[in-house]
Every structure is written in C-alpha cells, then in structure tokens.
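Colleague: Could you take me closely through a single part of this model, with the cut-offs behind each term?

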Amino acid sequence: MRAIIYNEFGGAEVLALGHTDKPVPGPGEVRVKVVTVGVNPLDYKRRYGWVEQFYPTTFPAVPGLEFAGVVDAIGEAADGGPDGDPADALAVGDEVFGWTSTGAYAEYALAGDIVRKPAALSFEAAAALPVAGETAQRVFDLLGLREGETLLLHGAAGAVGQVAVQLAVALGASVVGTASPANHDFLRSLGAVPVAYGAGLAERVRAAAPQGVDAVFDAAGQDALPVSIALRGGTTDRIVTIADMHAADHGVVFSAGGTPPEKVRAVLAAHARLAVEGRLAVPVVETFALADAAKAQELSEAGHVRGKLVIKL
C-alpha cells in the first residue's frame with residue numbers, strides 16, 4: 001500500500017511517499033481503508049522527536065493519529081462493537097472515524113478507538129474531530145471546568161482551540177481567547193472574548209475578565225505559562241498545557257493523552273452528534289493529496305491555521 005514514511009527525525013524533508021505492507025488485522029482488530037486524515041501539530045512534533053517520552057517512535061514510521069474511512073477487514077474474535085456490545089459489532093463496509101494504532105497517512109490502517117460515522121457527517125469533518133475533541137475534553141476534565149467559570153484559552157483560533165471554545169460555551173463557561181487580531185471576529189462568532197497575545201497580555205485579559213480567571217488552557221505553547229500563572233494569582237493550580245514542552249519547569253501540568261478507550265469512544269460519539277446537530281464545527285481550511293503530506297505539515301508547523309488541514313486519499 002502507499003504510505004508516507006520517515007526513517008529518521010527531522011524536518012518535513014524526511015517524509016517520503018513510499019510503499020509498505022498492508023497491515024493485517026489480528027484477533028479483535030479492525031482494518032480500515034482510509035479516506036481522510038486529520039493533520040495535527042503533534043504530527044510534526046513527533047517527526048522531530050520532541051515528544052518521545054509520550055509517543056515513542058519505531059522506524060520506519062507512518063505519521064498520523066486521526067482518520068475516517070471504511071471498514072475493510074475484521075480480525076478473528078472481533079465480535080463486539082466500538083463499545084464492546086456484540087449486537088453493535090462492526091462489519092465490512094461500515095463508515096467509521098477515530099484513532100489509528102498504525103499511522104493514518106496511509107491507504108490502510110488498523111483502528112485504535114473508532115466509532116461509526118454518522119451518514120450526515122462528511123469524511124472531511126469526521127477526520128477533523130477526534131484529536132481536537134478528545135484533547136479539549138481531556139483538558140477540561142483535568143481543569144474541572146464548571147458552569148459560570150471563566151476560562152483563559154491560549155491559541156483559541158486553532159483546531160483544538162475552536163473546539164474548546166465551543167464546548168466551554170456549551171458548558172456555560174465564559175471564554176477569553178488569545179489569538180491574532182485577524183481571528184478576533186471569528187472567535188466572537190463562537191462566543192469567546194478575544195484578546196491579542198504578546199506584550200501587555202495580562203492587562204488585556206484583566207480588562208476582558210475583571211472577575212478573574214478560574215482556569216487556563218494553553219493550546220499555543222508560546223511562552224504563555226508565566227503570564228498565566230500571574231493571572232491565576234501566582235498559583236499553577238488549574239493550568240494545563242498541551243503545547244509547552246517546558247511545562248515542568250513552571251510546575252504546570254502537561255497533558256498528552258491517557259484517556260481510557262471507553263471514554264475516548266464516548267467522546268467521539270458525543271462530538272459526532274453535536275457536529276451533525278450543527279452545534280460543533282471545525283472548518284476544514286485546506287485539503288491535500290497524500291503525496292503532499294510534507295506541505296501540509298509545513299503549513300501546520302508555520303502556525304496561524306484557522307481550522308483543520310486534511311489529507312484526502
């Protein structure tokens with residue numbers, strides 16, 4: 001099968017379109033013919049080797065975590081559905097989306113945690129949901145975000161940030177989101193109060209949220225932690241980052257996964273329902289062919305993408 005493969009850590013130039021063996025589903029496993037793949041900042045961070053402590057790499061490696069596609073083959077004893085219910089067992093031809101255990105930038109992948117894709121949800125939209133949705137929900141669980149509280153969200157216009165804004169607003173929380181001025185009207189349309197990042201951020205946040213900040217979600221990683229700690233009154237309590245690799249130096253929690261599989265599947269299904277109802281959206285801003293995966297990662301790495309980049313096979 002065709003796949004994007006890299007054999008060493010480095011820049012986008014290490015990515016190459018090649019051929020590798022089609023994965024064979026073992027007992028209880030499901031193979032999916034990939035239709036769309038979501039591109040994430042984690043993809044290039046893994047390519048550089050920056051997150052080995054969380055995501056160890058075995059070469060040759062195929063990048064990509066999230067995907068949508070069609071069930072192609074089912075291993076022996078795979079008699080349960082996404083939630084383990086035999087009556088809800090997946091079948092060849094089912095449209096699904098979620099996480100892969102073998103790398104998504106490929107024609108075929110073994111499924112990790114997947115659920116059925118609603119017919120009303122496009123393959124592009126489905127591939128944009130898993131990582132951003134699970135990440136936002138995981139961080140909210142760590143923060144204990146509640147109705148009536150104020151959340152400071154760094155990187156609010158990115159894919160994870162957009163989902164986090166929408167979920168926080170639906171929860172009944174107020175959101176102050178940092179972003180470039182070009183994204184401020186967009187964030188207002190999602191229900192957030194936008195502020196520009198950079199010098200003077202603390203004063204702008206205090207003006208936007210005179211009641212104070214109850215929790216901080218850093219999805220940007222651009223030296224946002226010191227000002228976040230100051231805005232929390234000097235405490236690191238209820239501050240979580242998914243983007244600053246120096247979080248431990250500040251005594252801040254770095255979150256990189258660990259959600260139980262059953263919770264991941266429940267989040268996938270819940271977010272799919274919200275998307276179909278028009279209550280959760282991650283706009284796909286550009287699609288790429290598999291051969292152009294390096295270009296997609298370069299654009300992701302450059303930042304300032306308002307929405308999702310998707311590879312379409």
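Modeller: What follows is a close look at strand β3 and its pairing partners, followed by a helix contact and some backbone details.

This is a predicted model, in which local features need pLDDT of at least 70 and side-chain atom pairs count only at pLDDT 80 or more, while totals for chains, interfaces and linings use all residues. Residues are numbered from 1 along each chain as its sequence is written, and side-chain values use heavy atoms, with hydrogens and water left out.

Strand β3 covers residues 30-39 (strands being DSSP runs of E with at least two residues, and helices runs of H or I with at least four, numbered from the N terminus). Eight of its 10 residues are buried (under 20% relative accessible area, with exposed meaning over 50% and partly exposed in between, for a 1.4 Å probe and protein chains only), so β3 is largely enclosed by the rest of the structure. Two strands count as paired if DSSP finds at least two bridges between them, and β3 runs antiparallel to strand β4 (residues 66-74) over seven bridges. Strand β6 (residues 108-116) is also antiparallel to β3, through three bridges, and K33 has a partner in each of these strands, standing opposite V70 in β4 and bridging to Y108 in β6. Four further bridges link β3 in the antiparallel sense to strand β14 (residues 308-312), where G38 has V310 as its bridge partner.

The loop between α1 (41-48) and β4 contains P60, which is joined to F59 by a cis peptide bond with omega of about -5°. Two residues that are not glycine have a positive phi: D223, at about 55°, and R238, near 60°. For context, most residues other than glycine have a negative phi, and most peptide bonds are trans. D223 sits in the loop between β10 (215-218) and α7 (225-231) and counts as exposed because its relative accessibility is 66%, whereas R238, in the loop between α7 and β11 (239-241), counts as buried at 17%.

Lastly, helix α3 (residues 130-143) and helix α9 (residues 261-276) have axes, fitted as lines to C-alpha atoms over the stretch in contact, that come within 10 Å and cross at roughly 115°, on a scale from 0 to 180 degrees between N-to-C directions. The two helices are therefore roughly perpendicular (65 to 115 degrees). In their contact (heavy atoms within 4.5 Å), P130, G133, E134, Q137 and D141 of α3 meet K263, V264, V267, L268 and H271 of α9.

Definitions and conventions. Parallel < 35°, antiparallel > 145°, perpendicular 65-115°, else oblique.
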